[in-house]
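This briefing goes through one protein chain by topic. Please have the sequence and the model at hand while reading.

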Amino acid sequence: EATVVCVVLSSDVLCDRGVPAMLTGPLARGAGLVTVVASAAVPFPTLDFFHQVEDDKLAEVYRSIFRVLAMRFAPLASFAQVRTQAECIGRYICSKQQARKAAADPVDEGQ
């Protein structure tokens with residue numbers, strides 16, 4: 001079961017309703033969310049867009065995706081830069097997982 005979900009935002013992120021539908025379950029179970037921008041042309045949803053989304057759960061997933069500050073990712077960079085970016089994102093995801101685990105573990109006050 002996913003504790004953190006990484007969403008890569010591209011120029012067609014608002015066109016595919018299947019991606020937010022897949023995120024509904026993990027986010028409802030409390031999984032963390034990491035967003036990565038892979039294109040400078042990522043559109044941000046307008047109020048009209050949210051009025052067109054008929055499912056309230058999907059609308060909330062879209063809000064969650066765009067509420068979080070996204071990390072920048074340049075897929076057309078050199079191999080070394082892409083590898084460094086991927087490592088940074090991986091470390092960030094691990095730190096989020098550790099923070100979520102620490103928050104979920106009860107603290108033993110007797111020690």
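Among contacts between residues at least 6 apart in sequence, what percentage join residues at least 24 apart? In this protein chain the value is 79%. The model is a predicted one. The protein chain has 4 helices and 3 strands, and from the N terminus on its elements run β-α-β-α-α-β-α.

**Overall dimensions and surface**

- Along its principal axes, the C-alpha trace spans about 55 × 40 × 20 Å.
- The protein chain has 111 residues, and 31% of them count as buried.
- About 7500 Å² of the protein chain is exposed, and carbon and sulfur atoms supply 57% of this area.

**The sheet**

- The 3 strands form an open sheet with parallel pairing, in the order E1-E2-E3.
- Strand E1 (4–9) and strand E3 (71–72) are the edge strands, and each of them pairs on one side only.
- Between E1 and strand E2 (residues 32–37) there are 6 bridges, in the parallel sense.
- Along this pairing, Val4 stands opposite Gly32 in E2.
- The connection from E1 to E2 passes through helix H1 (residues 18–28), and this β-α-β crossover is right-handed.
- Val5 has Leu33 in E2 as its bridge partner, and Leu9 has Val37 in E2.
- E2 and E3 also run parallel and are joined by 2 bridges.
- On that side, Val36 stands opposite Met71 in E3.

**Burial of strand E2**

- E2 is mostly covered, with 6 of its 6 residues buried.
- Gly32, Val34 and Val36 point one way from the strand, while Leu33, Thr35 and Val37 point the other way.
- Residues pointing either way from E2 are buried.
- Leu33 is also touched by Ser64, as is Leu27, when residues up to four places away in sequence from Ser64 are not counted.
- Ser64 itself lies in helix H3.
- Ser64 counts as buried because its relative accessibility is 17%, where the cut-off is under 20%.

**Aromatic pairs**

- The structure holds 3 aromatic pairs.
- One of them joins Phe49 and Phe50, whose ring centres are 5.7 Å apart with 75° between the planes, an edge-to-face arrangement.
- Another joins Phe49 and Tyr62: the ring centres are 4.9 Å apart and the planes are at 90°, so this pair is also edge-to-face.
- The pair of Phe49 and Tyr62 links distant parts of the chain, since Phe49 is in helix H2 (residues 47–52) and Tyr62 is in helix H3 (residues 56–67), 13 residues apart.
- Why are these two pairs classed as edge-to-face? The planes in such a pair must be over 60 degrees apart, and the 90° between Phe49 and Tyr62 therefore qualifies, as does the 75° between Phe49 and Phe50.
- Phe49, Phe50 and Tyr62 form one aromatic cluster.

**Surroundings of the cluster**

- Are Phe49 and Tyr62 buried or exposed? Both of them are buried.
- The relative accessible area of Phe49 is 10%, so Phe49 falls in the buried class.
- Phe50 counts as buried too, with a relative accessibility of 18%.
- Arg63 places its charged end over the ring of Phe50, 4.8 Å from the ring centre.

**Pro45**

- Pro45 is located in the loop between E2 and H2.
- With a relative accessibility of 18%, Pro45 counts as buried.
- Which residues does Pro45 touch, not counting residues up to four places away in sequence? They are Leu14, Phe50 and Phe66.
- Of these contacts, Phe50 is also a member of the aromatic cluster with Phe49 and Tyr62.
- From Pro45 to Tyr92 the separation is 47 residues in sequence and 26 Å in space, C-alpha to C-alpha.

Terms used. Residues are numbered from 1 along each chain as its sequence is written. This is a predicted model: local features need pLDDT of at least 70, side-chain atom pairs count only at pLDDT 80 or more; totals for chains, interfaces and linings use all residues. Side-chain values use heavy atoms; hydrogens and water are left out. Rings of Phe, Tyr and Trp (its six-membered ring) pair if their centres lie within 6.5 Å; planes under 30 degrees apart count as stacked, over 60 as edge-to-face and the rest as tilted. Buried means under 20% relative accessible area, exposed over 50%, partly exposed in between (1.4 Å probe, protein chains only). A charge sits over a ring if NZ of Lys or CZ of Arg is within 6 Å of the ring centre and within 35 degrees of the ring normal. Two strands pair if DSSP finds at least two bridges between them. A crossover is right-handed if, with the strands pointing away from the viewer, the path from the first strand over the helix to the second runs clockwise. Contact means heavy atoms within 4.5 Å. Accessible areas come from the Shrake-Rupley method with a 1.4 Å probe; for residues, only the protein chains shown count as cover.
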